[in-house]
Amino acid sequence: MVSTVIVLLSLTGLSVARDWSHHDEDAWPGQCGVGKEQSPINIVPHESLPDPHEAHIRGPLVYRGYGDVEVRARNTGYKVRWAVEPGTPAPVLSGGPLRDNYTFAEVHFHWLSEHAINGLKYPMEIHFVHLKTGLNFDQALQQRDGVAVVGVLVQVGPIGETSVLEELLPAMDYIVNPSNEDSPTFNVDLTKLFSPNPQAFYTYHGSLTTPLCPEVVTWMVMDQPTTVTHDHYKNLTRADLEGINNDRRVQPLGTRMVYRSKEVASCSHMASPSLLGLAAAIIACFRSKMSTTLLGAMCSIVKTKRRLLGNVVNKVTCH
Ligand SMILES: [Zn+2]
């Protein structure tokens with residue numbers, strides 16, 4: 001029975017239309033090419049602003065109802081997403097930089113990560129997408145604060161680590177191929193996909209990271225990455241999304257500010273995806289205290305590794 005369903009989904013997948021491609025971001029329509037507040041961005045933790053008087057981040061984020069959610073999975077051709085089943089109770093996010101309640105709509109994944117930290121991308125990023133409560137998707141896209149997205153960076157952990165993707169495994173066979181049909185309903189505990197510290201985050205105003213890239217998003221990018229096993233990472237990323245990564249390249253920050261919550265210490269971001277990331281974080285945090293010789297040596301290591309690994313993003317820590 002299950003295999004029959006999968007075959008049918010594969011067939012319907014042939015009709016999924018593609019209007020744009022991650023192969024050619026320069027051709028993206030809408031705000032993507034001309035907007036001034038685009039996402040994702042490179043976050044430099046030590047350049048983010050604290051908010052001691054809570055002018056921008058007014059208290060902690062409040063997560064309600066994420067423990068038991070009815071969702072349906074689908075590979076849309078651009079992303080794999082788990083959307084809340086219409087008519088069932090949806091989680092609600094409020095607090096932090098948000099001035100309203102935001103109702104959870106879907107969770108989806110990007111590989112590589114979209115946001116970079118200190119110039120480096122992680123293997124994956126989880127996006128929890130919320131719409132301002134009471135608005136549908138089209139209405140939310142008309143308001144500057146219509147959408148709230150929580151981004152959780154993901155590292156691929158050592159063998160023996162528990163994996164947050166365990167929760168989504170029952171739906172994996174349904175998301176291998178693009179389809180116009182949703183999977184059956186699954187009950188999931190979305191808190192298992194959260195960052196280890198869901199109160200430590202960076203926040204800024206930006207856009208959706210896919211066309212038409214409307215600038216309507218309050219972003220909350222978590223400071224501490226979560227971990228998936230190598231097997232689960234392979235299992236999820238076998239999904240057919242044009243056979244390539246589905247992350248957008250980082251966009252200029254421009255005149256925007258990135259604030260950090262109180263839970264983020266200014267040099268806390270030492271949990272990096274690699275030794276290379278750790279070196280970049282050390283340079284970013286301590287460059288004013290380093291001798292020129294040591295800084296030069298560390299920067300040359302970072303640059304060489306970046307070339308070897310192809311791990312280059314637009315803004316790097318070493319110049
Ligand atoms: Zn996304």
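In strand β8, Leu120 is the bridge partner of Ile117, and this pair belongs to the antiparallel pairing of β7 (residues 116–117) with β8, which extends over two bridges. The model in which this pairing is described is a predicted one. Strands β7 and β8 are joined by β1 in an open sheet of three strands, ordered β1-β7-β8, in which the pairing is mixed. Because β1 (42–43) and β8 (120–121) each have a single partner strand, they stand at the edges of this sheet, and one side of each is left without a neighbour in it. The loop between β7 and β8 contains Asn118, a residue that is not a glycine and yet has a positive phi of about 50 degrees. Asn118 counts as buried because it has 26 C-beta neighbours inside 10 Å.

The protein chain as a whole has 319 residues, of which 39% count as buried, and its secondary structure comprises five helices and 15 strands. Among the contacts with a separation of 6 or more, 77% are made by residues 24 or more positions apart. The mean pLDDT of the chain is 84, with 76% of the residues reaching 70 or more. Confidence is under 50 over residues 1–16, for which the model has 18 contacts beyond four places in sequence, and pLDDT likewise stays under 50 over residues 307–319, for which the corresponding number of contacts is 25.

Strand β13 (residues 217–222) is largely enclosed by the rest of the structure, because six of its six residues are buried. Val217, Trp219 and Val221 point one way from this strand, whereas Thr218, Met220 and Met222 point the other way, and all of these residues are buried. Strands of a sheet pair through backbone hydrogen bonds, in either the parallel or the antiparallel sense. Both senses are represented in the pairings of β13: with β10 (residues 147–156) the pairing is parallel and runs over five bridges, while with β12 (residues 201–206) it is antiparallel and runs over six bridges. Val221 of β13 takes part in both pairings, as the bridge partner of Gly151 and as that of Tyr202.

Strand β12 is also largely enclosed by the rest of the structure, because five of its six residues are buried. In addition to its pairing with β13, β12 pairs in the antiparallel sense with β15 (residues 259–260) over two bridges, and in this pairing Tyr202 stands opposite Arg260. The loop between β12 and β13 holds two residues with backbone features of note. One of them is Leu212, which is joined to Pro211 by a cis peptide bond with an omega of about 10 degrees. The other is Cys213, which has a positive phi of about 55 degrees although it is not a glycine. Cys213 counts as buried because 24 C-beta neighbours lie inside 10 Å. A further cis peptide bond, with an omega of about 0 degrees, joins Ser39 and Pro40, and Pro40 lies in the loop between α1 (2–13) and β1.

In soluble globular proteins, nonpolar side chains tend to be buried together. The largest nonpolar core of the present model has 61 residues, and those with the most contacts inside it are Ile43, Val147 and Val149. Strand β10 supplies the largest share of this core, namely seven residues. When neighbours within four places in sequence are left aside, Ile43 is in contact with Ser48, His115, Ala116, Ile117, Tyr202, Val221 and Val258. Among these contacts are Ile117, whose bridge partner in β8 is Leu120, and the pair Tyr202 and Val221, which are bridge partners in the pairing of β12 with β13.

Helix α3 (residues 230–237) has three buried residues, His232, Tyr233 and Leu236. Viewed down the axis of α3, these residues fall within an arc of 105 degrees, so they line one face of the helix. The face of α3 turned away from the buried side carries Asp231 and Lys234, which are exposed. The buried residues of α3 pack against β6 (102–110), β9 (124–132), β10 and β14 (226–228). Strand β10 is thus listed both in the packing of α3 and in the parallel pairing with β13.

Key: Residues are numbered from 1 along each chain as its sequence is written. This is a predicted model: local features need pLDDT of at least 70, side-chain atom pairs count only at pLDDT 80 or more; totals for chains, interfaces and linings use all residues. Helices (H or I, at least four residues) and strands (E, at least two) are DSSP runs, numbered from the N terminus. A residue is buried if 20 or more other C-beta atoms lie within 10 Å of its own, exposed if 12 or fewer, and partly exposed in between; C-beta atoms are placed from the backbone. Two residues are in contact if their C-beta atoms, placed from the backbone, lie within 7 Å. Two strands pair if DSSP finds at least two bridges between them. A nonpolar core is a set of buried Ala, Val, Leu, Ile, Met, Phe, Trp, Tyr and Cys residues joined through C-beta atoms within 7 Å. pLDDT is the predictor's confidence in each residue, from 0 to 100. The arc is that of the directions from the helix axis to the C-beta atoms.
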